[in-house]
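Let's take a friendly walk through a protein model together. Please have a look at the sequence and the structure first, and then read on.

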Amino acid sequence: MASLSNSLQLKHGLTSWCPGSSSLTRRLPSSSIRFRSFVVAASSFSNDNREFVIVGGGNAAGYAARTFVEHGMADGKLCIVSKEAYAPYERPALTKGYLFPLDKKPARLPGFHTCVGSGGERQTPEWYKEKGIEMIYEDPVTGIDTEKQTLTTNSGKLLKYGSLIIATGCTASRFPDKIGGNLPGVHYIRDVADANSLISSLEKAQKVVIVGGGYIGMEVAAAAVAWKLDTSV
Ligand SMILES: Cc1cc2nc3c(=O)[nH]c(=O)nc-3n(C[C@H](O)[C@H](O)[C@H](O)COP(=O)(O)OP(=O)(O)OC[C@H]3O[C@@H](n4cnc5c(N)ncnc54)[C@H](O)[C@@H]3O)c2cc1C
């Protein structure tokens, strides 16, 4: 059983593969993304209806689910295994609206579920049910066995898959413990849980220091100013 972190080749994108069927795989020379024929795969495997499993319940998973539905390949065939407690959502909304104080009408789920960011349908948890997509929440994948084509989850589930898409995204880079990276009041922002934790600090804070002056840092600064806090970047 390979540990998931050791088996990931791409941290920032999608990869899919079909163990033992390399003839189904074609590689584009200019890209590290591998494509394969899902139609052939669907008839090649018997796996308790989980023809396709997506690991990771972020934006990529949500948009992929929409495409599976458009191709009639989701109903009873697609399963999404997510570490988070929520159906895929538009992560950019976290710093563009979620962090704002109540008087600024902050964004809240279900308002920003994928695919509203592209003007598409808002895919709520009910949408996945209606489309026959199995959603497993708050149960991160901890191991993959590519020979047996199975996944293990943190709660001990063993899931068989026909084709696997890894869409585990990325994480915020953290300061090491030895320089205080985990002290109370130090926050990172990547998901709703992080944003909720940051909001609970903003409610009590007087001074906010943001390390990192990219888009996300500047958006957090704008939110801190909306909370009328003394803010430094
Ligand atoms: C605050 C913020 C603001 C942003 N703003 C913008 C913007 O304005 N414009 C823009 O283009 N991009 C923006 N981005 C980046 C954009 O959100 C990402 O590019 C996008 O979320 C990537 O989608 P993804 O599905 O590949 O990965 P992610 O959204 O990171 O989703 C990965 C999912 O996989 C889950 N996961 C990880 N490991 C496991 C596991 N072992 N088992 C199960 N699940 C697992 C994670 O919990 C997560 O839910 C922003 C990002 C953040 C954090």
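## A loop with unusual bonds

Pro 110 sits in the loop between helix 4 and helix 5. Helices here are DSSP runs of H or I with at least four residues, strands are runs of E with at least two, and both are numbered from the N terminus. This is a predicted model, in which local features need pLDDT of at least 70 and side-chain atom pairs count only at pLDDT 80 or more, while totals for chains, interfaces and linings use all residues. Residues are numbered from 1 along each chain as its sequence is written, and side-chain values use heavy atoms, with hydrogens and water left out.

What kind of peptide bond leads from Leu 109 to Pro 110? That bond is cis, with omega near 15°. Leu 109 also belongs to the loop between helix 4 and helix 5. With a relative accessible area of 24%, Leu 109 is partly exposed. Here buried means under 20% relative accessible area, exposed means over 50%, and partly exposed lies in between (1.4 Å probe, protein chains only). Leu 109 and Glu 90 are 19 residues apart along the chain, and 9.8 Å separates their C-alpha atoms.

Another cis peptide bond joins Thr 114 and Cys 115, with omega about 20°. Cys 115 is again in the loop between helix 4 and helix 5, and so is Lys 105. Lys 105 is not a glycine, yet its phi is positive, about 50°. At 73% relative accessibility, Lys 105 counts as exposed. Why point these residues out? Most residues other than glycine have a negative phi, and most peptide bonds are trans.

Glu 138 is another residue to look up: its phi is positive at about 50°, although it is not a glycine. Glu 138 is found in the loop between strand 7 (134-136) and strand 8, and its relative accessibility of 56% makes it exposed.

## Strands side by side

Now for the strands. Two strands pair if DSSP finds at least two bridges between them. The table lists three pairs.

| Strands | Direction | Bridges |
|---|---|---|
| strand 8 (residues 141-145) and strand 9 | antiparallel | four |
| strand 9 and strand 10 (residues 158-160) | antiparallel | three |
| strand 5 (residues 52-55) and strand 11 | parallel | four |

Strand 9 (residues 150-153) is covered on both faces: Thr 150 and Thr 152 on one side, and Leu 151 and Thr 153 on the other, are all buried. Which residue of strand 9 does Val 141 stand opposite? Its partner there is Thr 153. On the way to strand 10, Leu 151 has Leu 159 as its bridge partner.

Both hairpins hold a positive phi. In the hairpin of strand 8 and strand 9, with four residues between the strands, Gln 149 takes a positive phi near 55°. In the hairpin of strand 9 and strand 10, also with four residues between the strands, Gly 156 takes a positive phi near 100°.

In strand 11 (residues 163-166), Ser 163 and Ile 165 point one way, Leu 164 and Ile 166 point the other way, and all are buried. Leu 164 is the bridge partner of Val 53.

## Around the ligand

Which residues come nearest to the ligand? Of the 24 residues around it (each with a heavy atom within 4 Å), these are Ala 60, Glu 84, Arg 91, Lys 96 and Arg 190.

Some polar atoms can be placed exactly. An oxygen atom of the ligand is 3.1 Å from a polar backbone atom of Asn 59. A nitrogen atom of the ligand is 3.2 Å from a polar backbone atom of Lys 83. A polar side-chain atom of Lys 96 lies 2.4 Å from an oxygen atom of the ligand. Taken alone, the ligand exposes 990 Å², and the protein buries 75% of that (areas by the Shrake-Rupley method with a 1.4 Å probe).

Helix 3 (59-70) and helix 4 (93-98) are the elements that give two or more residues to this shell. Domain 1 (2-88 + 123-166) and domain 2 (177-232) each supply at least three residues, with the domain bounds taken from an automatic or database assignment.

Ala 60 lies in helix 3 and, at 38% relative accessibility, counts as partly exposed. Ala 60 and Tyr 89 are 29 residues apart in sequence and 9.6 Å apart in space, C-alpha to C-alpha.

Technical notes. A polar contact is a pair of N or O atoms within 3.5 Å; within protein, one must be able to donate a hydrogen and the other to accept it, and residues adjacent in sequence count only if both atoms are side-chain atoms.
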